[in-house]
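Here are a few short exercises to work through with the coordinates open. Try each one yourself before you read its solution.

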Amino acid sequence: MSTPNSPIWEVFIRSRNGLSHKHVGSLHAADSVMALQAARDLYTRRGEGLSIWVVPSNAIIASDPADKDMMFEPTASKIYRHPTFYEIPDEVGHM
Amino acid sequence: MTSISPSNAPLVQFLLRRADDALILGHRLSEWVGHAPMLEEEMALGNMGLDLIGQARSLYQYAGEVEGAGHSEDDFAYLRRESAYRNVLLVEQPNGDFAETMIRQFFYAAFADPYWRAMKASSDPTIAAIAAKSEKEMTYHLRHSAEWVVRLGDSTAEARRRIEAAISRFWPFTGELFSSDELDASVIATGAAIDPDTIRAEWLATVQSVFVRAKLTVPTSTWMHRGGRSGQHSEHFGHLLSELQYMQRAVPGAVW
């Protein structure tokens, strides 16, 4: 099986009880119509979804892995941003 | 291993005709598994094949219930002789290349989608329920195959040459979809089924609109192959059955 000479698309599925679309994988397709059909055929075979988004992979702007220290390291020391320092009244229940 | 001879009761035979169309086309699509031109289409062909085999199962089960002779869906699918299968010749034709498979699927789905939609009004509640499930599946088969017809037709010279050859090959097999005989007429008279000829105009309109998008020409020839509905199959069918029936013939009664 050869790799087709067609663009790559990222697939996002909103599941039955999910609130937002989640990235599930990628696929090859010649255009947006065929990408949606292929996403349906590849990623919703077991009743996973109620809505599909397909996005051209080259439309996604990604952070540079080399920047990870600058981007993400500074938050590690700011544990006070986690909500673990607050007392939650019993009446609130599960959060 | 013995073969079964299903009842000649009209409703049983009617159900077997529709079930055989679905089973044989589903089997043809399953032959693509492992050979499709791209992974995405491998899954699409397999999914469509499974839809059709599922439709066949429902129809065989109901045929067995109506017949009342204790025949299971597997008995109908695997233990009949070649001449006892009543599918149209279109669905048993070998896959050929991808364009040929897509045109065959398009011609069948453009019929089956409106056919099952109309059959939801069947006076027989089981048939109406099978029709409701089948319609949704065939709507997708029609959409998917039509998009491929457009992309192959309005594309490179090589793709266009192949899709045009595929149209010439399968066009003479489309007439049988709309045919019916006295057996069908007796089922149609009860309100359990519709006359397939009433689907012809919608089928042709679908073919014309997709071919316009694909910059393809609808053939004008009216000579059509016939025979599948009375059990006279093309030479390819015996080879298909030898593959389809192999496991039940080799290991009788094998189950999952």
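The exercises below go from overall fold to core.

This is a predicted model, where local features need pLDDT of at least 70, side-chain atom pairs count only at pLDDT 80 or more, and totals for chains, interfaces and linings use all residues. Residues are numbered from 1 along each chain as its sequence is written, chains are lettered from A in the order in which they are written, and side-chain values use heavy atoms, with hydrogens and water left out.

**Exercise 1.** Describe the fold and compactness of chain B.

*Solution.* Begin with the DSSP runs (H or I, at least four residues, for helices; E, at least two, for strands). Chain B has 11 helices and zero strands. Next, take the radius of gyration over C-alpha atoms and compare it with the globule rule, 2.2 Å times the number of residues to the power 0.38. The radius for chain B is 18 Å, close to the 18 Å that the rule gives for 256 residues, so the chain is as compact as a globular protein of that length.

**Exercise 2.** Find how much of chain B is buried.

*Solution.* Count residues under 20% relative accessible area (1.4 Å probe, protein chains only). They make up 58% of the 256 residues in chain B.

**Exercise 3.** Locate the largest nonpolar core and its best-connected residues.

*Solution.* Join buried Ala, Val, Leu, Ile, Met, Phe, Trp, Tyr and Cys residues through side-chain atoms within 4.5 Å. The largest such core has 91 residues, and B:Phe107 and B:Phe211 have the most contacts inside it. Helix H5 (residues 98-119) of chain B gives the largest share of this core, 14 residues. Finally, list contacts (heavy atoms within 4.5 Å): leaving out residues up to four places away in sequence, B:Phe107 touches residues including B:Leu90, B:Trp171 and B:Phe211.

Definitions and conventions
Buried < 20%, exposed > 50% of the residue type's maximum accessible area, 1.4 Å probe, protein only.
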